[in-house]
Amino acid sequence: MFSTKAATRGSSGTQAPSAICTTSSQDVRRVRIDAASLREQKFSAPLRMSSVSAVRGKAIRARRSAAGTVASLMEVPSQNTTADVDISLDLFGNGKDVEKWALKKTIETAKGPKRVLEMPVKDQVLAEAYARAGKVTGEYAKTFYLGTKLMTPDKQQAIWAIYVWCRRTDELVDGPNASRITPAALKRWDERLEGLFAGKPYDVLDAALAHSVYKFNLDIQPFRDMVDGMRMDLVKSRYETFDELYEYCYRVAGTVGLMSVPVMGIDPDNKMGEDKIYGAALALGLANQLTNILRDVGEDSGRGRIYVPLEDLRRFNITEAEVMKGLVDEDGNVDERWKEFMKFQIERARFYFAEAEAGVTQLDKDARWPVWSALILYRQILDAIEANDFNNFTKRAYVPKWKKMLTLPVAWASAMRPIAEA
């Protein structure tokens, strides 16, 4: 699947200007949507933001600041703003349970009866929204976008709508306005998500996703989990163990697989069960995000963040302070400890890419090409890290455009292979 978590950064390591976090009248036609308040819902899912307001412990309290700016950024009515919101660290630490619940809900909803969508959006406006979503996808994920051109028009549009929602969500904490995003702003984004799943989107880009939700029976849980992944970025700058990091990777990247598989479809002649195919999609999201993290170590340390597991650093006798400073000398020579550490991390990422491969071949044939393109491209980023002698402090690993283009026929050949045995 595609990856959004590092998509807001340009190839030079700087943040690209936001193109989609807000919607202007020059981009797509706005439409008046009923802004009636959402009724509260109860879930039997693992703990998340809507059910932890009474949870104490290590809570971080954030009062609303620059309310007008944030409301404008997120296009959410200011009267829906919560005065202050807690993000409790008790919200996290149950990543595997959250993932299992979302997997269960995604499969159940995808197989359930079709729902009737009653949404006050004209067909012309919806067509323009899908066109805009395709334009954004093509601009920020060119190789993946080219792969989607093999899909049916309905699948193309839905994947573009999902991509745009994920990118807008990611830009809340990783984009140019990230410093002004508060927990209250993410709460409003939650409310907006609930609205579009209820057939009451706020703007036309949300309407495109709402339309796709009903057309392909998408479940809301992985979308909720992704927003909670953004919350993790507000309150966590270190990950003690790989299990902690796994949860983060699921929330910000694995969720994309759960959103996408119901749209892409599973080949009727598949040789694996649904659970395994969705599991492979989760593995690809994990592998992609681990690759992002390894590529961006230097950039993230400059923002005060260390995503690689601290227990792994200690295993290789590396301190947090050394990572923050950079384990490369003035001549560009990389510390041998860091080289060994990176070899270990790259091996782990490649393991999850290998896990993902079998599942990709079980998707509908018209959906395999873009997924294979993304898989091969991200693997090549790992190769580039190695080619840079594991220097991800002062060098950025990237795949040049000509090499990206060469991946397309390779991905095509992989996509056309007969379905692999489980």
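**Burial and helix packing in the predicted model**

Cys249 has a relative accessible area of 0% and is therefore buried, since the term applies to residues under 20%. Cys166 also has a relative accessibility of 0%, so this cysteine counts as buried by the cut-off as well. The structure is a predicted model, and the values given here were computed from its atoms. A disulfide requires a pair of cysteine sulfur atoms within 2.5 Å; by this rule, zero disulfides were counted.

Across the protein chain, 59% of the 422 residues count as buried. The chain contains 16 helices and two strands. Among contacts in the chain with a separation of 6 or more, 81% are accounted for by residues 24 or more positions apart.

Two of the helices were examined for length and burial. Helix H5 comprises 22 residues, from 153 to 174. The distance from its first C-alpha to its last is 31 Å, close to the expected 32 Å at 1.5 Å a residue. Of the 22 residues in H5, 19 are buried, and the helix is thus described as mostly covered. Helix H10 spans residues 274-295 and also has 22 residues. Its end-to-end reach, taken between the first and last C-alpha, is 32 Å, close to the 32 Å expected at 1.5 Å a residue. H10 is likewise mostly covered, with 18 of its 22 residues buried.

One residue of H10 was considered individually. Gln289 lies in this helix and, because its relative accessibility is 3%, counts as buried. The C-alpha atoms of Gln289 and Leu245 are 10.0 Å apart in space, while the two residues are separated by 44 residues in sequence.

The packing of one helix pair was then described. In general, two packed helices are described by the angle between their axes and the distance between the axes. For helix H6 (residues 183-197) and helix H7 (residues 204-215), the axes come within 8 Å and cross at roughly 50°. Because of this angle, H6 is classed as oblique to H7. On the H6 side, the contact is made by Arg192, Leu196 and Phe197. On the H7 side, Asp206, Leu209, Ala210, Val213 and Tyr214 take part. An α-helix has 3.6 residues a turn, so residues three or four places apart point the same way. The crossing of H6 past H7 is right-handed.

How values were computed
Residues are numbered from 1 along each chain as its sequence is written. This is a predicted model: local features need pLDDT of at least 70, side-chain atom pairs count only at pLDDT 80 or more; totals for chains, interfaces and linings use all residues. Side-chain values use heavy atoms; hydrogens and water are left out. Buried means under 20% relative accessible area, exposed over 50%, partly exposed in between (1.4 Å probe, protein chains only). Helices (H or I, at least four residues) and strands (E, at least two) are DSSP runs, numbered from the N terminus. The expected span of a helix is 1.5 Å times one less than its number of residues. Axes are lines fitted to C-alpha atoms, for helices over the stretch in contact, and angles run from 0 to 180 degrees between N-to-C directions. Angles under 35 degrees count as roughly parallel, over 145 as roughly antiparallel, 65 to 115 as roughly perpendicular and the rest as oblique. A crossing is left-handed if the near helix is turned anticlockwise from the far one by less than a right angle, and right-handed if clockwise. Contact means heavy atoms within 4.5 Å.
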